[in-house]
Structure formats: structure tokens, C-alpha cells
Amino acid sequence: MLLKSPPSLAKIVMANLIGVLLIIEVIVSGFPFGADGLSMGYYIMNCPLAEPIVRHTVTRALDADPTLAAALVRMHFHDCFIEGCDGSVLLDSTNDNTAEKDSPANLSLRGYEVIDDAKEELENQCPGVVSCADIVAMAARDAVFWAGGPVYDIPNGRKDGRRSKIEDTINLPSPSFNTSQLIKMFGQHGFSVKDMVALSGAHTLGVARCSSFKNRLNNVDPTLGSEFAKTLSKTCSGGDNAEQPFDATRNTFDNFYFNALQRKSGVLFSDQTLYTDARTRGIVNDYARNQAMFFFNFQQAMGKMSLLDVKGGAQGEIRSNCRKIN
Ligand code: HEM
């Protein structure tokens, strides 16, 4: 009979060490560790199905209406840029307050019902645990992945804010911004020029309405290609709300948006300026040539955006209905 030789001491130590390290990682990631109280795996102990529930709700909604991927990504951006990522964009106006969502800049936001559906399911599973701000952040992440974009992980534990004022939306970038204005506004939130260009690449998804770009046609914008000007004019013949896709694949997350900028076929002035301006043209060319580089920088920048001015502890609450403060 062949006797198996006993494992060496080194092997026993290694096997146990890996196990112990894994347990430590799970324990550490299950508890808040950032100064803001956010952590990876935040819901692992008190609502372990939180992430799967959001992913399932988003997938179901996007399978039925693929255009909602763009809507959810944009919602997260508009949430984070105003008052931080605190779900303030979800609050409805009341008799004595006009909320962010009723600002002209937000009137074409969509997808609120996807967040409501996820919230309802989460309240059934683990009442009062998962914030609306986290749902928006997770939904945007899952929408990017659903559309073929990069996978990225985000920490959770954001609290919901209690302030949502129409006047705050002045701090959203305008489609008529030039590169200097974009660099300045994104810089105020801690983003580099490269982050800003990568984030603008979210316009690989979705559409703009004629009202967002028609001034380029009236005042003949020289940065707009003459053939593409005809396309935009044709779209606008359908009225202010007529939709123009940002690129040829409006529901797919790819780098076609950057190729369009190279052809002077950016839809918004704020898109095309990224190619016109020498400070950002090289980055546009890099992303147009190398989709993997765009994906990598986009996921980094989105991770950063999802942490903007997050509220921890008593600064916020966990709303039971995402449209109302408790
Ligand atoms: C760089 C400055 C930006 C400006 C000036 C800008 C402006 C706009 C405008 C005007 C629209 C069209 C709205 C309409 O006509 O209804 C739009 C759509 C969109 N924006 Fe931006 N945006 C910017 C950055 C971003 C960022 C950083 C993201 C996300 C990370 C984003 C995601 C989107 C998406 C996905 C849509 C399409 C929405 C849909 O089809 O429902 N945008 N943006």
C-alpha cells in the first residue's frame, strides 16, 4: 500500500494563511472603513441580496426598454453633481419646494420607475436598509455593463439627502460649454481633464433633443461638419423634442462617440469642443483608437463620481420612498 506523505509545514501554513486572509477581507469589506462610512460589500450582512436585486430589476427593465440604460447613467451623473450622490434628484417637488427634477436641465431625465421598482423590492426584503442614492449608483453601474461597457465595483453606504432645490441645478454643465468651461466645472469636483473626457464618453449611450443643439444650426457653428449639420437639421424638422442619437449605436456602450467627434459629428457643442480644443483632442484620439483605454478610464472616473460629496451617518437618511423625504 502506498502511503501518502504528510503535507509539508510550509503547505499547511500557506493553506491556512490564504483562508485567514480571505476571512479578514470579507470581514473588513463587510464594515464601513472610509471616513464617509462607505465600503465594498456594505450590504453583505444586513441585506445580502441588495446588489442582485438591483441588478435583476435593472436587467428586466433594460431588456424591455434598452433606451433606459442611457437614462440611468445620466440620472447618476445629475444626482452626483448636485449636492453629491445623495438621491436628491429623485425627490418630487412639494407645495413649498420646487425640486431638482423640475429644472429644465432635468426635464428629460427618465428611469425613475426603475429606481422605484428596485426600492420596493428592497423594502420588502430588508426595510429601511438600502438608500436610494446607492440604488441610483448601482443602477448606473449595472446599466453600463448591460449595454456592453466595463464592469466596475463601487462601495456603498451613501445616505439620502433631504435637500433638493431647482436653483442648485445651475451647477450642471450646459451643452453650450466650451472645453475651458468643462475643465473648470469638472475640476471643481476633483476630476482631471482625462476624467472629464472619459465621463463625456457616457454620450456613447442615448440621445439629445433638438432643443439641446439647435442653436448650433441657427448660428452656424464652424466646429460642426457640413454633412452632419444636415442630419441635425433634418432631426430638428421634427420639432424641439425630436431625438438625435449621440452615435450610431445609441444602446451600446462602445467608443463610437469618439469616432464621431473625429468626423466633426458631435451632437452637442460641448461634445465637439473636446475634439476642437488641443488640450483634449489627443485624449479623444486615444479613446477613438483604443476602446480598452476608454473603458479603463471611464470606470475609474465613474468610481470617483460615485463618491462625490457622499453623506455618511446622521447627515442623511434611508428614505422609505425615493420620491419623498421621511
Ligand atoms: C460634459 C458635460 C456634459 C454636458 C454638457 C451634457 C449635456 C447633455 C445633454 C444636453 C443631453 C441631452 C438632453 C436632452 O436633450 O434631453 C445629455 C444626455 C445624456 N447625458 Fe450628458 N452631458 C455631459 C456629461 C455627461 C456625463 C458625465 C454623463 C454620465 C456619466 C452623461 C450622460 C448622458 C447620457 C447617458 C445622456 C443620454 C440620455 C438619454 O438618452 O436619455 N452626460 N447630456
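These legends go with a set of close-ups of the ligand site in a predicted model.

**View 1. The iron atom and its protein donor.** Here we zoom in on the iron atom of the ligand, whose only protein donor is His203. The donor atom is NE2, sitting 2.1 Å from the iron. As for where this histidine comes from, His203 lies in a loop, with α7 (193-200) on one side and β1 (207-209) on the other.

**View 2. Polar side chains at the ligand.** Three side chains are picked out in this one: Ser108, His203 and Arg209. An N or O atom in the side chain of Arg209 comes to 2.5 Å from an oxygen atom of the ligand. The side chain of Ser108 has an N or O atom 2.6 Å from a ligand oxygen. His203 shows up again here, with a polar side-chain atom 2.9 Å from a nitrogen atom of the ligand.

**View 3. The shell around the ligand.** Pull back a bit and you get the 25 residues that surround the ligand. The closest of them are Ser108, His203, Val207, Arg209 and Ser212. Sorted by class, the shell has 15 nonpolar residues, seven polar ones and three charged ones.

**View 4. Where the shell residues come from.** At least two shell residues apiece come from α3 (68-81), α6 (179-188), α7 and β1. The top contributor is α3, which puts in four residues.

**View 5. The pocket and the two domains.** The ligand sits in the largest pocket of the model. Both domain 1 (50-172 + 306-315) and domain 2 (179-304) chip in, each giving at least three residues to the shell around the ligand.

Conventions
Residues are numbered from 1 along each chain as its sequence is written. This is a predicted model: local features need pLDDT of at least 70, side-chain atom pairs count only at pLDDT 80 or more; totals for chains, interfaces and linings use all residues. Side-chain values use heavy atoms; hydrogens and water are left out. Donors are N, O and S atoms within 2.8 Å of the metal (3.2 Å for Na, K and Ca); water is not among the atoms, so sites may look incomplete. A residue is near a molecule or strand if one of its heavy atoms lies within 4 Å of it. A polar contact is a pair of N or O atoms within 3.5 Å; within protein, one must be able to donate a hydrogen and the other to accept it, and residues adjacent in sequence count only if both atoms are side-chain atoms. On a 1 Å grid over the protein atoms alone, a cavity is a set of points where a 1.4 Å probe fits but cannot get out, and a pocket is an open set with protein on both sides within 12 Å along at least five of seven lines; lining residues have an atom within 4 Å of a point. A molecule sits in a cavity or pocket if more than half of its atoms lie within 2 Å of its grid points. Ala, Val, Leu, Ile, Met, Phe, Trp, Tyr, Cys and Pro count as nonpolar, Asp, Glu, Lys and Arg as charged, and the others, Gly among them, as polar. Domain bounds come from an automatic or database domain assignment.
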